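Reader: I would like to learn how to read a model of this kind, one feature at a time. Could you take me through the general idea first and then the case at hand?

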Amino acid sequence: DSGFIVSPSATLEEGYLLNGLATQLGTADVDHRITRRDVADQSADPAFPWLGMALEDIDRLDAAVLSVPGIHDITPYQLGERFLDPYRRWRRHISPNLEPHWVRPSLAVVGVNTARRLRLGLDWSRGSISRRQIASVQQRFRALGKHRFRIVVAHHPFLADSAPELDRRGRTLVRRAKLALASFAQSRVDAVLAGDIRGSVTIIM
């Protein structure tokens, strides 16, 4: 069985896209809310957060979803699969491409796979970006013109934030994060989007 959980901060459009994915995978069981630690300000939240786009317009987009693997996409139980073919289920159910990119005249988005089958130490959930991946991101952006807004998307955060939650979870930082961010700056990357903290992290370069 497959289960789907939508964050309370997700927009209506994101929920709609997830519903389409669930339908393709043969399940209609979609929960709409997860545990929220602080509900003091929920009365100020919109009834349904949205991006201002009609659902019919989403169906007409040629690239509405760009996804990269995360730590929960690699099985922690089937060790044979984890070591020999860790992204088998991702390729089967999501996409054969682990690092997709999407380019339009005014925007370029490059995905980076920071999930790893194995890391030194007991915590295998920590992310990493290789020197080869850093060079690949550089090459992709080098081929573009100068007038596109440039975004890198990854599962693990590249930069700690001043928020207490991130201070307590420094382990989520990507290995070689400083090297990667320096390279992104050289490539004139405008923003880095990441997750893995029960929310999202945006770095404006």
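Author: Let us begin with burial, where buried means under 20% relative accessible area, exposed over 50%, and partly exposed in between, with a 1.4 Å probe and protein chains only; buried residues make up 35% of the 205 residues in the chain. This is a predicted model, in which local features need pLDDT of at least 70 and side-chain atom pairs count only at pLDDT 80 or more, while totals for chains, interfaces and linings use all residues. Residues are numbered from 1 along each chain as its sequence is written, and side-chain values use heavy atoms, with hydrogens and water left out.

Reader: How many helices and strands does the chain have?

Author: Helices (H or I, at least four residues) and strands (E, at least two) are DSSP runs, numbered from the N terminus. Here the chain has seven of each, and from the N terminus on they follow the order β-α-β-α-α-α-β-β-α-β-α-α-β-β.

Reader: What span should helix H1 have, and how far apart are its end C-alpha atoms?

Author: The expected span of a helix is 1.5 Å times one less than its number of residues. For the 13 residues of H1 (residues 12-24) that gives 18 Å, and the end C-alpha atoms are 19 Å apart, which agrees. The buried residues of H1 are Glu13, Leu18 and Ala22, and just after the helix Gly26 takes a positive phi of about 85°.

Reader: At what angle do helices H5 and H7 pack?

Author: Axes are lines fitted to C-alpha atoms, for helices over the stretch in contact, and angles run from 0 to 180 degrees between N-to-C directions. H5 (residues 131-142) and H7 (residues 177-186) pack at about 10°, with their axes 10 Å apart. Angles under 35 degrees count as roughly parallel, over 145 as roughly antiparallel, 65 to 115 as roughly perpendicular and the rest as oblique, and H5 and H7 are therefore roughly parallel to each other.

Reader: Which residues make the contact between H5 and H7?

Author: Contact means heavy atoms within 4.5 Å. On H5 the contact is made by Arg131, Ile134, Val137 and Gln138, and on H7 by Leu179, Ala180, Ser183, Phe184 and Gln186.

Reader: Where does Arg176 lie, and what sign does its phi have?

Author: Most residues other than glycine have a negative phi. Arg176, in the loop between helix H6 (164-168) and H7, has a positive phi of about 70° although it is not a glycine. At 27% relative accessibility, Arg176 counts as partly exposed.
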